[in-house]
Amino acid sequence: MLRSKNVSLVLLVVLITASLLGCQSNATSVPASDEKNITIVIAEDPPSFNPIIADTGYDALVMELVMLGLSDIDPDGNIFPELAAELPTAENGGVVYDEATGGMTVTWKMRQDVQWADGEPVTADDVIFTYDAIVNPETGGWIPGIDYIDRVEKVDDYTFTVYYTSVYPGYLTQFGREQVAIWPAHYCDASQGFAAWDCARQPLSDGPFVLKEWVNGDHMTFVRNENYFEDGKPALDTVTIRIVPDQSVRKTMLINGDADLDMWTTEAMIADLQNQPNVSVDPSPTNRWVMRIFFNLAEKGTTDAAATPHPILSDLKVRQAIRAAIDVDTISKEFFLGYAKPVWTEFFRPPYTCDISRPKFDIAAASALLDEAGWTDTDGDGVRECHGCATAEEGYKMEMEFITYSEFGEPLELTQQFIAEQLGKIGIQLNLTVVEGSVLWAAATDGGIEQNGNFDMDLWDDGYAGIDPTDFIYSYYSETSATPDMGYNFMRWINAQFEELLNGSYTLDEAQRQRNFCEMAQILDQELPQLLLFTVVNADAHSARLQNVRSTTNDLVTWNAADWTLK
Amino acid sequence: MGTYILRRLIQTVGLLVLLSFLLFALVNLAPGGPLAGQGQNRHTDPEKVELLKRQLGLDKPLPTQYLIWLVGNDWMQIDKNGDGVLDSYGTRQGIFRGDFGFSFRTRQPVLTEIGQRLPNTIYLTTITMAFAVLIAIPIGILSAIRQYSAFDITVTTFSFAGQAIPEFWLGLIMILVFYAWLKNPFTGDPLLPSGGIAANLGRFDLWDRVAHLILPVLTGALGWIAWYSRFLRSSMLDVVHQDYIRTARAKGLPYGVVLYKHALRNALIPLITLLALDLPYIFGGAIFIEILFSWPGMARLYYQAALDRDYPILLAVLIIGAAFIILSNLIADIVYAYLDPRIRYE
């Protein structure tokens, strides 16, 4: 019944079947040795080439290799045209403000020398097709500011006009940047719908490279687009993206010369790669992600700061004391290896920078503020209680939950512990919790911790994409955003003067915007609904032979892949 | 026996329906949700949340979502464009008709996603299991017949170590040694690749395939070898002390014949049952192995889906996995009865 010969036979059959099963793939030619080929290693597959659907960053990374938008932003914050022939402004007549309706029209002129990889020209029809696909209520997507658009009309094959119902300051990059590509009307199947169409997985290229092969979970191969409009570009023949989930393996591949680029390189990895002769790390000139503490001004479990104020955090002096008690420089040095840069206002990077003085780290001042606010420790247990405070009952203990998210990893958890230790020194006891981001940030209907107000203090990072902070500020500090699932004003902080300034910043008058933003910065500094701490590094490690890589917070590192060369 | 199998299969269907309810409830009621921010965005904009809820079918109450998951919505009118009017029939067929829906993350059919990953996992896990069994059987036999010998003691020590060493640690060390440190003396390249299935999937090169298998198979098989060899050792020890073995020896049969024909065949019976019970591993794969060795398999698909709260993928993997487990148990029972004539199912 069970003979060893039979066992061997069965095993042999299993082995052969298994190896055949694992061999499903399309044919790939082996590149000749004189070709210029590079390998990018990333942690996970992009969901598609359309970042509007999932916005994981990986989708934008591959989109930038094959697709173009109307415009993009360089690492220094300058907007430049891609498919557009020039950027429409009020000065060149491209933007017309209609005082009667309060709306504006933007007329875009497109380049006439850009073709899809199949030789068809890229025209205004493609832009209108893309817009129609996005706004389709059944199968479409959503991009910031799309609700301000009434319609898009074709003027001629290479000109179209966007009609806005109000002023939208971010209009220049609305159909570009890392977010929106223009899709080919003659190739994409509109009936499949924007969110699920096949052309987002097998795109027709008008960018520098063409997707040749995608083996899910393993690799993607791109070859140069012979029809690319910039003469002599791209310089590379093949770009291979390998999916390598483990960070230490990606690092070893870089050191071994088997990988040329690792995106979103962490501080620890940058430090490890510092002395590797064949690897360079390229931090972007500005940073985007600001690590910050969110104060819940409403009582835990509630969402209205006026009706049910937080017994501890609704007192401004307490928030100021917390700010004074946190030593950001030590956090940067110890846990972020010196790469964290202290930040204390939302308006810290160009083009909108405001002069707000840096808060001082001063434990004594912090303690004094708490004493002054009526929080003292009379029972000697090291934790203050309310004795004459304005926001809580007599004897209420200064003890709160302090949450952060797990995906960031060790540096953030150490930061959380360090802050808890520092606040412990001034008599504030923090109980630490680490949860998954999808639990912390989930919708109120999904039991999201923040949307439901089930927290005291949270620690995590965010910052606005691109160079226009208006929508970002609106979603975090506006009154509308303080309603659960209507935005991210988890602090439930409402300020009428701030609201007026914010509404006034939806204008094309740049000087006015700058003024409003800096007045808003002053209010945020005085009121302290959030405590901004530092930016985390934005860098991409690459092989020394790969030239012209420029990391940026305004896009993914592949934004200028057409310019990359090999030494 | 036929009636028994039929009865078990009918029970399996009932069990799977019950499981489908439990799994759906667990996955949906677990904290967090697919509408939290992904990747670059901490949050999904409120306008987008509303759109996504409708597109992903999350706007309906959970019992309705469960019903649609089971039997589809092509028989009911739905509101596709969000204007509050039921305007057309749905397109979902439900898992009873083999439609597992589409992934929230990629908007691809779930079965397409699984189909891309499953062959890779089966490829790696069958070879790992086969390799483990091939090594474990001789080790188990030798340890048993030379009980308390130096070999037995050494193997026992390594077995415990094999079971105790975590895969993620061993895998990293393997990569460090065979990829980062050791070089091929002829070409100067790393001795073994760091991961993936092949250097070039389009061109079949046997040595390249084997080279890519060595590290994940060794790392994955170590624990299984330890486990199976220990198991066979004790099973073999049980058998060799039985009266019929003594009888066989007493009637003058050669030692080898007694060992392989009388002892081993009986000692293998429990091991084969165990192997049948371990079959779900072949479907599910091993998460640390797939992550460390960049292996595009099921475990990574599931892990990513769990992080993203990609419910359709999660549920499909769970329910198919559950079916595998139930089926493996059934196979184990049947094989057991087949191999051991003393077992009868009525």
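**Figure 1. Salt bridges and polar contacts across the interface of chain A and chain B.** In this predicted model, 3 salt bridges cross the interface of chain A and chain B. Here is one to look up: B:Arg309 and A:Glu436 join their side chains in a salt bridge, with 3.0 Å from N to O. Polar contacts between chain A and chain B come to 20 residue pairs, both residues being at pLDDT 80 or more.

**Figure 2. The side of chain A that touches chain B.** Several elements of chain A each bring at least two residues to this side, among them the helices α1 (4–21), α2 (51–54), α5 (247–256) and α11 (437–440). The strands β10 (238–243) and β21 (457–462) of chain A do so as well. Which element gives the most? That is α1(A), with 6 residues. Stepping back to the whole interface, 77 residues of chain A are in contact with 69 residues of chain B. The area buried between the two chains is about 6200 Å², and carbon and sulfur atoms give 55% of that area.

**Figure 3. Helix α5 of chain A and the glycine that follows.** Within α5(A), the buried residues include A:Val249, A:Arg250 and A:Lys251. A:Thr252, A:Met253 and A:Leu254 in this helix are buried too. After α5(A) comes A:Gly257, which has a positive phi, near 85°.

**Figure 4. A tilted aromatic pair in chain B.** Over all chains, the structure holds 41 aromatic pairs, and B:Trp227 with B:Phe231 is one that is tilted. Their ring centres lie 6.1 Å apart, with 55° between the planes. Why are these two residues about one helical turn apart? Because they sit 4 residues apart in helix α7 (residues 206–240) of chain B. As a reminder, an α-helix has 3.6 residues a turn, so residues three or four places apart point the same way. Are the two partners buried or partly exposed? B:Trp227 is partly exposed, at a relative accessible area of 35%, and B:Phe231 is partly exposed, at 25%.

**Figure 5. An aromatic cluster in chain A, and arginines over ring faces.** Ring pairs link a set of chain A residues into a cluster, including A:Phe294, A:Phe336, A:Tyr405, A:Phe408, A:Trp441 and A:Trp460. A:Tyr464 also belongs to the cluster, and A:Arg349 lies over the face of A:Tyr464, at 4.0 Å from the ring centre. Another arginine to look for is A:Arg201, which lies over the face of A:Trp214, at 4.5 Å from the ring centre.

Methods: Residues are numbered from 1 along each chain as its sequence is written. Chains are lettered from A and ligands numbered from 1 in the order in which they are written. This is a predicted model: local features need pLDDT of at least 70, side-chain atom pairs count only at pLDDT 80 or more; totals for chains, interfaces and linings use all residues. Side-chain values use heavy atoms; hydrogens and water are left out. Rings of Phe, Tyr and Trp (its six-membered ring) pair if their centres lie within 6.5 Å; planes under 30 degrees apart count as stacked, over 60 as edge-to-face and the rest as tilted. Buried means under 20% relative accessible area, exposed over 50%, partly exposed in between (1.4 Å probe, protein chains only). A charge sits over a ring if NZ of Lys or CZ of Arg is within 6 Å of the ring centre and within 35 degrees of the ring normal. Contact means heavy atoms within 4.5 Å. Buried area is the accessible area (1.4 Å probe) that two parts lose on being put together, summed over both. A salt bridge is a side-chain nitrogen of Lys or Arg within 4 Å of a carboxyl oxygen of Asp or Glu. A polar contact is a pair of N or O atoms within 3.5 Å; within protein, one must be able to donate a hydrogen and the other to accept it, and residues adjacent in sequence count only if both atoms are side-chain atoms.
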